[in-house]
Structure formats: C-alpha cells, structure tokens
Amino acid sequence: QVQLVESGGGLVQAGGSLTLSCAASGSIMRINTMAWYRQAPGKQRELVAAITSGLIITYADSVKGRFTISRDNAKNTMYLQMNSLKSEDTAVYYCYADVIATASGHYWGQGTQVSVSS
C-alpha cells in the first residue's frame, strides 16, 4: 500500500512563509504527477500547484509568483514553498500523487492545516 504524509503546516502571520512537504512511501515504482490541493471552510477543494515527473509545473493564478512547487524523485517527496502568505491562503492543504506501484492509483494525504493571521 502507498501512503502520503504531509508536514510543515502551521500558523503564520500575513506576509510570512511556510514550506510543506509530502513524503510518499510503500512499494512505489514510479510517481507520475504530484500536486497540492487546498480546501478552505465552506469551499470546494481546489488545485494549488502540480508537477509532473518531467517537471512540468502548473500553478493556480492565485498563487503564481508566491508559491513554488518542487519534487525530489529519489526521495519520492514533494515540496511547496509558500511566501507572502495571505489570509485567503488559510486552508487544509492536501498532497496528491498518481502512483505506479504494486497497488497503483491516485493517492491523497491526510491534509495539513495552514492558517494565516492578518
């Protein structure tokens, strides 16, 4: 079985920075696309940023220029560097991965809370 574990969330003041990590573990052969999603209270889950195995990157317009997604394929780990945080970035952030493994499929982490105080 594959597990995704996020870390790095917390409380930060507006204008501050946080870095999220997502580590994948299990009988993994390859990870295709990895992505960060977020869900704020009362809102639908939305894509924040995605990165393919070939390092093609997509950002939501709302985070362009402030967030940076990256991955370390050797460690099966993905990161999200978040700078210039705003109160509207407050949400639970989820890690997603399209995994080729003994149990291939689309996997989600448990989520990590990011709270930005104004």
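## Report on an all-strand chain with one disulfide

In the protein chain, 54% of the contacts with a separation of 6 or more are made by residues 24 or more positions apart. The structure is a predicted model.

**Overall architecture**

The protein chain holds 11 strands and zero helices. Read from the N terminus, its elements therefore follow the order β-β-β-β-β-β-β-β-β-β-β, and the radius of gyration is 14 Å, close to the 13 Å that the globule rule gives for 118 residues, so the chain is as compact as a globular protein of that length. The C-alpha trace spans about 45 × 25 × 20 Å along its principal axes.

**Burial, surface and charge**

Of the 118 residues, 42% count as buried. The exposed area of the protein chain is about 6,000 Å², and 50% of that area is supplied by carbon and sulfur atoms. Among the side chains, 9 are positive and 7 are negative. The centres of these two sets lie 2 Å apart.

**The disulfide**

A search of the whole structure finds one disulfide. The bond joins Cys-22 to Cys-95, with an S to S distance of 1.8 Å. Cys-22 belongs to strand S3 (residues 18–25) and Cys-95 to strand S9 (residues 91–101), so the pair ties together parts that are 73 residues apart in sequence. The link between Cys-22 and Cys-95 is left-handed, with -65° about the S-S bond. Both Cys-22 and Cys-95 are buried; each therefore has a relative accessible area under 20%. In general terms, a disulfide is a covalent bond between the sulfur atoms of two cysteines.

**Residues with positive phi**

Two loop residues deserve separate mention. Leu-55 has a positive phi although it is not a glycine, and the same description applies to Ser-84. The table sets out their values.

| Residue | Phi | Loop | Relative accessibility |
|---|---|---|---|
| Leu-55 | about 70° | between strand S5 (46–51) and strand S6 (57–59) | 52% |
| Ser-84 | about 50° | between strand S8 (77–82) and S9 | 40% |

At 52% relative accessibility, Leu-55 counts as exposed, because the cut-off for that class is over 50%. Ser-84, with a relative accessible area of 40%, is partly exposed. The loop that carries Ser-84 leads from strand S8 to S9, and strand S9 is also the element in which Cys-95 of the disulfide lies. The loop that carries Leu-55 lies between strand S5 and strand S6.

Definitions and conventions:
Residues numbered from 1 in each chain as written. Predicted model: local features only at pLDDT ≥ 70, side-chain atom pairs only at ≥ 80, totals over all residues. Heavy atoms only, no water. Disulfide = S-S within 2.5 Å. Helix = DSSP H or I, 4+ residues; strand = E, 2+ residues; numbered from the N terminus. Buried < 20%, exposed > 50% of the residue type's maximum accessible area, 1.4 Å probe, protein only. Rg over C-alpha atoms; globule rule 2.2 N^0.38 Å. Contact = heavy atoms within 4.5 Å. Areas by Shrake-Rupley, 256 points an atom, 1.4 Å probe, with all protein chains shown as cover. Lys, Arg positive; Asp, Glu negative; His and termini not counted. Charge placed at Lys NZ, Arg CZ, Asp CG, Glu CD.
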